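Visitor: I'd like a close look at one part of this model, the spot where two helices pack against each other. Could you take me through that contact, and then out to what surrounds it and on to the sheet?

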Amino acid sequence: MTITGTTVRRASAAGLVLATGLTTCLAVAPAALAATPVAAVDAAPAAGLGRYYQQRLDWHGCARGGEDRTGRTLDAAGARCADVTVPLDYGDPGGRTITVAVSRLKATDTRHRIGSLLVNPGGPGGPGLGIGLTVRPVMKETGARYDVIGMDPRFTGRSTPLDCGLPSGPGLLSAGPDRAGFDRQTARARDVADRCRATNADVLPHVTTRNTARDIDVVRGALGERRISYLGYSYGTYLGTAYTQMFPTRYDRVVLDSALDPDRYNPRLMKGTEAENEKAYDDWADWTAARDGTYGLGRTREEVRATLDGVIAASSREPLTVGTAPDTFRLDDSQVPALLFTGMADDTDPARASLAEQMSLLARAAQGHPSTLPPAFADLLRSVFTPAGSATGSAQTAILCADAPAPRDPETYWSDIERARAAHPLFAPLTENITPCAFWDRPREAPVQVRHDTPALIVASTGDPRVPYTRSTALHDRLPSSRLLTLAGANQHANYGVHGSSCVDTTVNAYLATGHLPARDRTCTA
């Protein structure tokens, strides 16, 4: 999943990047939602935007050189790519423009074609150009009836870039065990904000979810679609909610997987998730203990947790060295908990094994033993803890901070950490930690407010450690015409096509094929 927003996903050429983090929307009664007229809200493109909606896209091959794995795989699958021109500032459509990269896997069953399905993998800041490669096979025969659209949201991936020159990539870090660690995190957060302001002050106010939703509608128009279907994971569910609220007559079928509560969307989205992460940690520790012969972390849950407490304590005394040149990394007590937190978002066996392997390497490093890193682990460390992840970290931070305000006083964060630390000594210093948004300029637009009912299919697992189940049910309550598809007994973030539940996958595919939601809420068992 993410270290707040960047995730390593199994079996995915495109990768799923899942939400991490992030004001309060005004509550609207269900009756008011159902009665809200939308025609006046959802009119033709605003003055000056017609040229963007009517642009002709230049479809071309996706690969950019031999090292472009995603592009080569898209080309092999028959996809084509294009750059969509959009205004930087929708309030000034005649001003500066930027581009948004899209891919298209065209429908092969043209006789029964339904339309275009745009997929967002989350983040925020997650590139989605290759996501169709992951989703199309899961859709089975229904996939042949859609043009599956991948999109790199503005300032991510191949879209017009944003890079603040950060020393590390995206994600939450831990404040560690004491005030000195928190003060270091505060200095880091301030530095990130200062770097972005110094390098990209002119674009930062426009790197928002609302503007990405506006970009989606331009993409819809440029594709020649009257309505567009949408599948979003994690943060992508907030983006999908934004789109359906801002353009309530321009969507068709909507699936929101691991859905955020828009009332709780702000730069501190991980705040309050400690209990869910503790449960996921315990379950993973049980799984790992049963395989002590493979990973050597302990034969009981308590032993596994004690081993990793020792690893974190060792990283507090001196950073742990893992890997061999050129892939050598030194990990301290702000980073080791972040790696553990990241691995809690997926409870499938391959994901649990990957995390156990990583923690086993760290345990050996704590004892002074050298290690050779698996390529995927080296890639993760490089993308999160080195300047190689600067562009992704810049985009994620800019989106979160421009979408909603955050507390400005560092003491607020320190107080929250100290309050939660007693019950959650591992997770509270991370989930309650300060972010660069404390030092960011105030957002120019208000957060998305739910004013229109949306007949969406909301998918959620009961033990999701990133988006607690109650937050998905809160969105369901706000949308009376929606249906809730629950995966019971799973600590899973992102379900459709990821967890392997045939019940979930079949239900989603039936909705995408027919446009008919289940007659009532449904529960699948993990």
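Guide: Let's start with helix 8 (residues 274-289) and helix 12 (residues 349-366), which pack at an angle of about 80° with their axes 10 Å apart. With 65 to 115 degrees counting as roughly perpendicular, helix 8 and helix 12 are therefore roughly perpendicular to each other. Bear in mind that this is a predicted model. On the helix 8 side, the contact is made by Asp283, Trp284, Trp287 and Thr288. Helix 12 brings in Asp349, Arg352, Ala353, Leu355, Ala356 and Met359. Sort the contact of helix 8 with helix 12 by class and you get 6 nonpolar, 1 polar and 3 charged residues.

Now for the rings. The count comes to 8 aromatic pairs. One of them is Tyr281 with Phe427: the ring centres are 5.9 Å apart and the planes sit at 85°, so this pair is edge-to-face. Tyr281 belongs to helix 8, while Phe427 is in the loop between helix 15 (410-421) and helix 16 (428-431), so the pair ties together parts that are 146 residues apart in sequence. Is Tyr281 buried or exposed? Buried means under 20% relative accessible area, and Tyr281, at 1% relative accessibility, counts as buried. Phe427 also has 1% relative accessibility and counts as buried.

Ring pairs link Tyr281 and Phe427 with Trp284 and Phe341 into a cluster. You've already met Trp284 in the contact with helix 12. Phe341, for its part, is one of the buried residues of helix 11. Helix 11 (residues 336-343) is mostly covered, with 7 of its 8 residues buried. Besides Phe341, the buried set in helix 11 takes in Val336, Pro337, Ala338, Leu339, Leu340 and Thr342.

On to the sheet. It's an open one of 9 strands, with mixed pairing and the order 1-2-4-3-5-6-9-10-11. At the edges you'll find strand 1 (80-87) and strand 11 (522-525), each pairing on one side only. From one strand to the next, the twist averages 20°.

Strand 9 is worth a pause. Strand 9 (residues 457-461) and strand 10 (residues 483-488) pair in the parallel sense over 5 bridges. Here Ile458 has Leu484 of strand 10 as its bridge partner, and Ser461 stands opposite Leu487 in strand 10. Helix 17 (residues 469-478) packs on the sheet and touches strand 6 (251-257), strand 9 and strand 10, its direction making about 165° with that of strand 9. Helix 18 (residues 502-514) packs on the sheet too, touching strand 3 (115-120), strand 4 (146-152), strand 6, strand 9, strand 10 and strand 11. The direction of helix 18 makes about 170° with that of strand 6.

Strand 6 and strand 9 also pair in the parallel sense, over 3 bridges. There, the bridge partner of Asp257 is Val459 in strand 9. And how covered is strand 9? Mostly: 5 of its 5 residues are buried. In a regular strand the side chains alternate between the two faces of the sheet. In strand 9, Leu457, Val459 and Ser461 point one way and Ile458 and Ala460 the other way, and all are buried.

Note on methods:
Residues are numbered from 1 along each chain as its sequence is written. This is a predicted model: local features need pLDDT of at least 70, side-chain atom pairs count only at pLDDT 80 or more; totals for chains, interfaces and linings use all residues. Side-chain values use heavy atoms; hydrogens and water are left out. Two strands pair if DSSP finds at least two bridges between them. Helices (H or I, at least four residues) and strands (E, at least two) are DSSP runs, numbered from the N terminus. Axes are lines fitted to C-alpha atoms, for helices over the stretch in contact, and angles run from 0 to 180 degrees between N-to-C directions. Contact means heavy atoms within 4.5 Å. Angles under 35 degrees count as roughly parallel, over 145 as roughly antiparallel, 65 to 115 as roughly perpendicular and the rest as oblique. Ala, Val, Leu, Ile, Met, Phe, Trp, Tyr, Cys and Pro count as nonpolar, Asp, Glu, Lys and Arg as charged, and the others, Gly among them, as polar. Rings of Phe, Tyr and Trp (its six-membered ring) pair if their centres lie within 6.5 Å; planes under 30 degrees apart count as stacked, over 60 as edge-to-face and the rest as tilted. Buried means under 20% relative accessible area, exposed over 50%, partly exposed in between (1.4 Å probe, protein chains only).
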